[in-house]
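Biologist: Please take a close look at one part of this model, the place where the chains meet, and tell me what can be said about it and about the cysteines.

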There are 2 protein chains.
Amino acid sequence: MAQLVVHPVGSYTFGSKPPKHEKDTSTQAKLERLKEKYAREGLRRSVEAVLVVHEHGHPHVLVLQMGAAFFRLPGGRLRPGEDEAEGMLRKLSSLLAPPAENMRPDWRIADVLGTWYRPNFENLMYPYCPPHISRPKEVRRLFLIALPERCYLSVPKNMRLVAVPLFEIYDNISRYGPVISSIPALLSRFSLTLAGRPPPAAAAAVAAAQATAAALVAAHQQQQQQAQQQQLVQYGQQHQPGQPGQQQKGGIAVSLSAPPAAAPQLAQPPQPQHPPAQYGYQQADEGLMVDFDDM
Amino acid sequence: MAQLVVHPVGSYTFGSKPPKHEKDTSTQAKLERLKEKYAREGLRRSVEAVLVVHEHGHPHVLVLQMGAAFFRLPGGRLRPGEDEAEGMLRKLSSLLAPPAENMRPDWRIADVLGTWYRPNFENLMYPYCPPHISRPKEVRRLFLIALPERCYLSVPKNMRLVAVPLFEIYDNISRYGPVISSIPALLSRFSLTLAGRPPPAAAAAVAAAQATAAALVAAHQQQQQQAQQQQLVQYGQQHQPGQPGQQQKGGIAVSLSAPPAAAPQLAQPPQPQHPPAQYGYQQADEGLMVDFDDM
């Protein structure tokens, strides 16, 4: 069985970089541009990256959020003739690598997760080429990326990087679309090792002891889930590339910052309604938000 | 990229064998039995097989149908301590191999497609172990099976073997459940070679020529889809194990039969509303039905 080692979200240091603006301001404009480009260049080939971290003992996928409700995976269009793997790394760097060349994460392509087809100049994509379609308009390859144990990630200022738990993504086409919401199934063939976690026996013992408490918490959280929807845990932290950072363990992300006197500290997340349990899943919200827009 | 060679459904010869009755007569009974067994033996490990064929240039998955609306993949529960791969082949043979030992198909496990978890004694399964669940009640592994170019398959008389196109399965949880309906996405990482098809260039030329006709047909078929729902293409053919069969090419399945004088011929499928096009997808129904119940 295929293996993947997944590291805690807290292993990574998040910063920001200048905004990357989308070329299109609407879905309509995007489809129009696709059509024009198709007439000139033919089939659009695109690539997207699935980056996995863990938190509270559950795998999370790093998703880029733009605006209130648009989610996308890091990736984009390949250049004509460009190699898929090379293009994937180029897109990852463009979207998530710190500007300083020597801080580029040592990420690598672990595997192909799937392939999606856009049969027409429309928003619908399918994980197969539908019958009668001999010339799809776009073919998109999903790659699983193996992240190193630690690295710096820089997010364009007009986007947010959100770690979304699998259980939130799963069967949630309405929010994340068919491609992202298929990721839990696509990852299920891997044996995921959640690095930095206690061995299973210890974890099981703790989990058993916490089961009763967890049930009470879950019931309570369900009530509060609506209220929490917008109370995403937000971190604002200026990324200063090239400046040796002080690693500061937060609950969720390790921040890269200038020395304490010179730079704002890691913003304090809103206090959780319940004290965090070390091994139980605690948050019923939609994702851990790493937010750089407010700086 | 992972490769899989897929053969036409017509390459396989379908027969029937004595019925295999389910141990449980209702979902409730099944969950009760799961609970009792869990108390004695702990975690239930199960395996399921994904067998892929093609027809009309589109991949189809072989699914067992029981009754009017219950679909399942071939597979089942492993014995305590049994190896997953061995158990998968045992279950496949039990459900689909002809009774004669020397006619056992040369199938092999090509890959792991995914893993599903049943956290509680309930019908819900997820492609991950949900948070707080340290002791799931069932873990189910999905295997992709590579079928040989030709073989005999025997189906228990109380079941039907249905070849369901990917586009019918996709995003159709209500009919097929979450596991089966995830198969199109799970298969999308494979480069499928549809064996016995003309080379892509020829296929593309034909497809282009047929595009206009196909659009008209599609519009017409949409109107007729409801009416066709129950008009499944049915084949009835007695399987006579050990008796050298005459291979008889039908439109969809190659039937194994005794010489013409001694056995019923391949049943004639209902005439399609439109003459079949060689490379375009023609049927808007839900699946090619290989049916042995009516014999």
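**The interface between the two chains**

Modeller: Searching the whole structure, over all chains, turns up zero disulfides. A disulfide is a covalent bond between the sulfur atoms of two cysteines, and the search counts a pair of cysteine sulfur atoms as one when they lie within 2.5 Å. As for individual cysteines in this predicted model, A:Cys151 has a relative accessibility of 9% and therefore counts as buried, the limit for that class being under 20%. B:Cys129, by contrast, has a relative accessible area of 25% and is therefore partly exposed.

Turning to the arrangement of the copies, a turn of 180° with a shift of 0.0 Å along the axis lays chain A on chain B with an RMSD of 0.0 Å. The two copies are thus related as by a two-fold rotation axis. The residue of chain A that comes closest to this rotation axis is A:Leu186, whose C-alpha lies at 2.9 Å. The same surface serves both copies, since 100% of the contact residues of chain A recur in chain B.

The contact itself involves 34 residues of chain A and 34 residues of chain B. Between the two chains an area of about 2800 Å² is buried, and carbon and sulfur atoms give 68% of it. Three residues, A:Tyr128, A:His132 and A:Tyr170, supply 22% of the area that chain A buries against chain B, which is more than any other three residues supply.

With regard to specific pairings, the count of salt bridges between chain A and chain B is zero, while two residue pairs, both at pLDDT 80 or more, are found in polar contact across the interface. The elements of chain A that each supply at least two residues to the side touching chain B are strand S7 (108–118), helix H3 (166–169), helix H4 (173–181), helix H5 (183–187) and helix H6 (200–228). Of that side, the largest share comes from S7(A), with five residues.

As background to these elements, chain A as a whole has six helices and 14 strands, and buried residues make up 51% of its 295 residues. Within chain A, if one takes the contacts between residues at least 6 apart in sequence, 75% of them join residues at least 24 apart.

Conventions. Residues are numbered from 1 along each chain as its sequence is written. Chains are lettered from A and ligands numbered from 1 in the order in which they are written. This is a predicted model: local features need pLDDT of at least 70, side-chain atom pairs count only at pLDDT 80 or more; totals for chains, interfaces and linings use all residues. Side-chain values use heavy atoms; hydrogens and water are left out. Buried means under 20% relative accessible area, exposed over 50%, partly exposed in between (1.4 Å probe, protein chains only). Copies are superposed by least squares on the C-alpha atoms of residues with pLDDT of at least 70 in both. Contact means heavy atoms within 4.5 Å. Buried area is the accessible area (1.4 Å probe) that two parts lose on being put together, summed over both. A salt bridge is a side-chain nitrogen of Lys or Arg within 4 Å of a carboxyl oxygen of Asp or Glu. A polar contact is a pair of N or O atoms within 3.5 Å; within protein, one must be able to donate a hydrogen and the other to accept it, and residues adjacent in sequence count only if both atoms are side-chain atoms. Helices (H or I, at least four residues) and strands (E, at least two) are DSSP runs, numbered from the N terminus.
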